[in-house]
Amino acid sequence: MTDPDLADRTYITPMTPELVEQVLEKERPDALLPTMGGQTALNLAVALAESGALEKYGIELIGAKLEAIKKAEDRDLFKQAMKNIGVNTPPSGIGNTLDECIAIANEIGEFPLIIRPAFTLGGTGGGIAYNKEEFESICKAGLAASLTSQVLVEKSLLGWKEYELEVMRDLADNVVIICSIENIDPMGVHTGDSITVAPAQTLTDKEYQRLRDYSIAIIREIGVECGGSNVQFAVNPVDGEVMVIEMNPRVSRSSALASKATGFPIAKMAAKLSVGYSLDQIPNDITKKTPASFEPSIDYVVTKIPRFAFEKFPGSQPLLTTQMKSVGEAMALGRTFQESFQKAVRSLESGYSGWGCARLKELDWDWDQLKYSLRVPSPDRIHAVYAAMKKGMKVDEVHELSYIDKWFLTQLKELIDVEQYLLTRSLSHLTKDDFYEVKRRGFSDKQIAFATNSSEKEVRAKRLSFGVTPTYKRVDTCAAEFEANTPYMYSSYDFECESAPTQRKKVLILGGGPNRIGQGIEFDYCCCHTSFSLQDAGYETIMMNSNPETVSTDYDTSDRLYFEPLTDEDVFNIIDLERPDGIIVQFGGQTPLKLALPIQQYLDENRPKSASGAGYVRIWGTSPDSIDAAEDRERFNEILNELRIEQPKGGIAKSEADALAIATDIGYPVVVRPSYVLGGRAMEIVYTDDKLVTYLENAVKVDPERPVLIDKYLSDAIEIDVDALADSHGNVVIGGIMEHIEQAGVHSGDSACVIPTKTISSSCLDIIRTWTMKLAKRLNVCGLMNCQYAITTSGDVYILEANPRASRTVPFVSKAIGHPLAKYAALVMSGKSLHDLGFTEEVIPKHVSVKEAVLPFEKFQGCDVLLGPEMRSTGEVMGIDSYYAIAFAKAQIAAGQKLPLSGTVFISLNDLTKPHLQKIAKAFLELGFKIVSTSGTAHFLELKGIAVERVLKIHEGRPHAGDMVANGQIQMMVITSSGDEPDQIDGLNLRRMALAYKVPVITTVSGALANADAIKSLKSNTLKMTALQDFFDVEVTAGISTNFQSASSSI
């Protein structure tokens, strides 16, 4: 979205009313469209309208007027609007203070109660309270999170069924329902965290028509003039009573899902409606015959399952409530619910090949544990349903415990019956009809292999011997009433295939599957750029992915789209059908990389010829063997020794004894992690033998099959990221060298970074460039490669790792240097040279770009906010300016960090970081801040003659540091953790308090110094908004510091 060629003017800027007003003043647009950017955009539009900025510059609010936004978002106005049209809402009240909330709770008179803050995203600050203590805690968080300090306290409808309808309206008052969506989880679970199904499966026609009528009445009453809206309902399963929960006067997460489910591009249509088109004037892209006023009708079932990352946030309970906690989702389409559900389960890439036919941990649970897991919503509740049914629990009892509708439970019970049938058969006894029956219920070859005690390869061979292959159906928006012109397809085991593959030169691009921490939209960006560049180069592009949240699964991003799970079986099926010239596995993160070796093996064994007749199907770009050489520690070590590239001392442990011996040899502290991980999963810095043993017992299982990597931890080292591009002719060009602002030991995905580098000597940069080029040539990289280096305080350079694939930083570097690296990489894979593309030397921009991570700690109660080697960020922002400190300040503000310009800074550093204490304290004192510290830090500062106020630790008595936070006496905190027992209690509580009271917490030395620089620049400069295009159209020469990178590398 922030690519400079996507809009005429692109501002990568903090989304605050003051800074956005600068853009409005500069650009003077005729209109502001606030309904596309989620809650952030709506809140900004309200602020700009109320401040008079829109009126001042003569800007019209389109899509939804201020009155409509307020009526939908303000809980009190919404409740009144529903009363006006006779639609019920749950018994509730509006509170603007804690006392008001308590009074409403007393009036409702019973727990549980649901707290919903106004003007927030993803249920932030909300939750379900089962007692008074929980109620007060959630209300405080909700009032703090709400833009208007307003929360709705409502009677819980736990156990009711939840539905959503996606509605569109135009300026002529035509209204259409795009899609109905049903949550499998009953009320009480945020819809973003629930398994959802489209169209709704358990409504009678009469009930559906009633929800439809209500939705149309609601969009008219709220006054959304044109565009898409999302209305959520609760239905009592006992008597059919309906209540409306809320309405979003904008496109939402569900809109993206509904768009992919129906093939109806809600956001695209809403944009056209907002500028005056009516629904009957906009043609349907897919049929080319029907207008957009033709309500979509679908003859298949869509299932969405969210993906979670609770394991990244120790201390937080994996429980689901009205506050959204999922980090991604997968979607699948099938002819029946069973087929789409099973495909969705395996699309999640969480280790399941489908629902059941596996050794699940839940099967070992006793009845008490199983019943608890059915009652209490959690990410794995659906697997507890499997285990309970497998152990003999009846549908009625599962329903009584979980409130999941009996229709869904009956469908799931049938899958268990099919599994039981398979368990009594050997593979040789399965007939062609058996295969069709089983495959139509969504069972994968791997599941059949498990049940019949055979291998996946044997199952595939047997299935193909019967001629049982998937057919591909088109998503057409009209249940096959009109022919679909757009090849947007899903697999099934019907008899008629609608795929119609061509004989053009074509490329299969494998996407990244569901978003997760460590593998998000950065990789999707690369997949999209690959498709666009190869289309322009004359190739037919085929996208295969399972993620409804991404641009890669828009039907117009590629020539052909297969919405399918990314597994060996499903990819082989597409290869057999399409027979592309090339397959690209480099851009989707770890998901396609894991498939690279099985695909290569499949191609070697079967040698399929490409449909274009231009040779055999092959993997494009860096070979799977080279990718494996970089991933396999022993092979990689050999290459580094051969090239004389230094790396930190380390070893590979295949047992606990190995691990202790290696750690003793290289000396503590050490970094330990499992091999083959993404996003720093289960990575830790360990300081003693005891801690190492604890890690091996709790975090990972170490054995010869799953070795653990142990490396010397380089204290206070600076980490460097390099993205490079290589072609098949041996040319290598550095795309960008980034300096991490946090020291080595903080995962690169969680660290801020800057390009060009700020403190690195030219000699170190020369070594990094030389090593990167040598390594790219040795690994025969064709496409992108990312390398990570560490530079010690004495100036020694070490390589940490190399990944011959697209990295998370590619979109950031591309925008920083003004060159689309992923597009170049795709063309290089197709055979072009870097000379052909005109990209022959490293670009060192004259402006400064800073990337900062966005962390979701407030969603995960009980987890610590300390940064470490395991990645936990769920997004990132960018600050761009002529000056480093201002670019960094912009990035901090964009990430939601409120930088104070005055007040008191709390500083508490551990013994390892105390040498930096004087420098940090002086930096803040010079800016006019007061310093407050606990005993150890205060004593150190007093010895240095620095003025400091002492405060008690939480366990030492009152008033303590936490009281100062609660009283608003502390504006910023700098804390480096000692990791000892008191810190894990006191320190954790203090850091969580700071999070709750929105006090910025900085947990690294370098982060503290960078923030001090940023505050200094904010005190003396006004932030100026500059369009991204202007950084490249005009040479910016204003006083750039001379210690930025000066050397360049060329072919």
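With 1051 residues, a compact globule would be expected to have a radius of gyration near 31 Å, and the 29 Å of the chain agrees with this; the radius is taken over C-alpha atoms, and the globule rule is 2.2 Å times the number of residues to the power 0.38. The model is predicted, so that local features need pLDDT of at least 70 and side-chain atom pairs count only at pLDDT 80 or more, whereas totals for chains, interfaces and linings use all residues. Residues are numbered from 1 along each chain as its sequence is written, and side-chain values use heavy atoms, with hydrogens and water left out.

Along its principal axes, the C-alpha trace spans about 80 × 70 × 60 Å. The secondary structure comprises 36 helices and 36 strands, defined as DSSP runs numbered from the N terminus (helices: H or I, at least four residues; strands: E, at least two). Of the contacts (heavy atoms within 4.5 Å) between residues at least 6 apart in sequence, 70% join residues at least 24 apart.

Buried residues account for 60% of the 1051 residues, where buried means under 20% relative accessible area (1.4 Å probe, protein chains only). The chain exposes about 40100 Å², of which carbon and sulfur atoms supply 49%; accessible areas come from the Shrake-Rupley method with a 1.4 Å probe.

Helix α27 (residues 810-817) is largely enclosed by the rest of the structure, because eight of its eight residues are buried. Among them are Val810, Phe812, Lys815 and Ile817. Glycine 818 follows α27 and has a positive phi, near 80°.

Methods. Buried < 20%, exposed > 50% of the residue type's maximum accessible area, 1.4 Å probe, protein only.
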